[in-house]
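Got your viewer open? Let's take a walk through the fold, one selection at a time.

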Amino acid sequence: MSSDDLVIVANRLPVESARDENGNRIWRRSPGGLVSALEPVMKGANASWIGWNGSYQDPGSEPLPPIPETADDRDYSIYEVPLSRGEVELYYDGFSNSALWPLYHDAIVTPTYHRHQFDSYRKINMRFAEAAAEHASPGSVVWVQDYQLQLVPAMLRSLRPDLKIGFFLHIPFPAPDLFMQLPWRREIVLGLLGADVVGFQTAGGARNFLDVTERLLGLPSVGNKVEVPGPHGARRTCLVDAFGISVDSIGLAAKANSPEIEDRVEQIRADLGNPKTILLGVDRLDYTKGIDVRLRAYTELLHEGKLDPNETVLVQVATPSRENVDEYQRIRDDVEMIVSRTNGDLGQIGAPAIYYMRNSLPIEELIALYKAADIMLVTPLRDGMNLVSKEYVVSRTDDEGALVLSEFTGAANDLPQSWLVNPYDADGVKSGIIAAAHAPLEERKRRMRTMRSHVMHNDVQKWARDFLGVLKRQESNAGEAEDQQHSSEGETANASTSTTTDKAK
Ligand code: G6P
């Protein structure tokens, strides 16, 4: 292995273990934007990916089939980090998704803090750090992803001081006053500062992090750099910056132009009854996404006669997510209540007002839906970036379509030509939808062209290149590395918690 090696450490592997309708074990693509973002970056690199396969691995549990070698043209190695049912409950459902996720999304639902869950988070973060220490070649780059693994950078640095360590947070970093709620706030900040570069989706997130670093640790920043005290009086520099993530624009646009997709677009429009206006929402079924907000706005517009139910349909794709967490069951109930009420009140035989699919659809089907949709509704109450909005824009190779976008997404910075709305303001959301529906074609096209051009030039490959470029240029923290190398060698030699199941080079 060369020193150009790249190791991705993420909670999820790019594939997850699941069961088909007949109860057989299958592998399918993992949910969420992370995989779509990182897969293109991994292709062609001398890379490996460390993560969890999405299933419970308890002692004595049924062994999983090997991960298929050829899925998604994969040409990198995969190392699984096993998690038991109890660990998933505490580390994933618990601390990651019942404390950090709501806290970092402005406490839209009340975060819950439990010491035993944080203990598990710490233990599992160490397991990921040990797996990375085991598989990274000397001096290589390790890129740690997202809120589930915020302690990994410092843990990994103590095990392998020779590595270049990057961290990227895919979700928002909250306002300092909110972050200060967290009982383990110092440990989290110190965990992140173990990286050479800490990346956020927006400048606001980076600023919030620098603020809490100063407040909690008394470490001021100079520009976007923080001097972090290391062992034996050594100091090293941690660079903190914004790197807004994006999509595989060229790949998506190529798919969007294929004749098969064109045919599917026609078919979808026909199956929906060739309505004048198709509105579309595509989200994980998560309370941060504002699915309820947009469904209510749409329903009111129908009731008020501002949209004609005979000429308009709304398609909502909601991908099941984190179903063991109470708040996710609650948002599902809320959404399904609105859908059934609206269809009960306004639907007709063969013509519901809302087509609701609780499903995970292949990207080709999503692109066809994007191209069929006259208005795309993206209304999260808070979102780190929101890649659906960018997928929509690059799929509209015809420059048609209109995007209604929440101000509280990272994407709002990149797509100001959308119809921006405040998702907390029901009337504002309704006005945004009506304005998008009534805008002259030339105006829609002008807006879409500008947004498309932005996302085509700022794709996920550029995001990764920018982040890794900054990481590689970041001054070496080698002095500290040499000091610690001897004490950590014994530990890394013993660190063999991950199992190699697939080496598909
Ligand atoms: C968001 C997070 C990712 C996560 C994804 C899917 O995009 O930032 O880290 O993987 O949601 O959520 P899940 O809990 O199913 O991994």
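In which hand, left or right, does α9 pass α12? Keep in mind as you look that this is a predicted model. Select helix α9, residues 259-271, together with helix α12, residues 363-372. The crossing in which α9 passes α12 is right-handed. The two axes come within 9 Å and cross at roughly 60 degrees. That angle falls short of the 65 degrees where roughly perpendicular begins, so α9 counts as oblique to α12.

Now show side chains where the two helices touch. On the α9 side, pick out Ile261, Glu262, Arg264, Val265, Ile268 and Arg269. Their contacts in α12 are Glu364, Glu365, Ile367, Ala368, Leu369, Lys371 and Ala372.

Next stop: the sheet. Select strand β12, residues 277-284. Eight of its eight residues are buried, so the rest of the structure largely encloses this strand. In a regular strand the side chains alternate between the two sheet faces. Here, Thr277, Leu279, Gly281 and Asp283 point one way from β12, while Ile278, Leu280, Val282 and Arg284 point the other way. Notice that Asp283 and Arg284 are among the buried residues too.

Add strand β13, residues 312-319, which pairs with β12 in the parallel sense over eight bridges. To find your place along this pair, look for Thr277 opposite Thr312 in β13. How does the chain get from β12 to β13? Follow it through helix α10, residues 291-303; this β-α-β crossover is right-handed.

Go back to β12 and pick up strand β15, residues 375-378. Two bridges join β12 and β15, and they run parallel. Click on Leu280, and you'll find its bridge partner in β15 is Met376.

From β13, step across to β14: five bridges join these two strands, again in parallel. Val317 is a handy landmark here, standing opposite Met357 in β14.

Zoom out and colour the whole sheet. What is the strand order? Reading across, you get β14-β13-β12-β15-β16-β17, six strands in an open sheet with parallel pairing. The edges are β14 (354-358) and β17 (419-421), each with a single partner strand, so one side of each has no neighbour in the sheet. For a last look, view the strands' directions against one another: neighbours in this sheet are turned by 15 degrees on average, direction ignored.

Note on methods:
Residues numbered from 1 in each chain as written. Predicted model: local features only at pLDDT ≥ 70, side-chain atom pairs only at ≥ 80, totals over all residues. Heavy atoms only, no water. Buried < 20%, exposed > 50% of the residue type's maximum accessible area, 1.4 Å probe, protein only. Helix = DSSP H or I, 4+ residues; strand = E, 2+ residues; numbered from the N terminus. Pairing = 2+ DSSP bridges. Right-handed = clockwise from strand over helix to strand, strands pointing away. Axes fitted to C-alpha atoms, helices over the stretch in contact; angles between N-to-C directions. Parallel < 35°, antiparallel > 145°, perpendicular 65-115°, else oblique. Left-handed = near helix turned anticlockwise from the far one by under 90°. Contact = heavy atoms within 4.5 Å.
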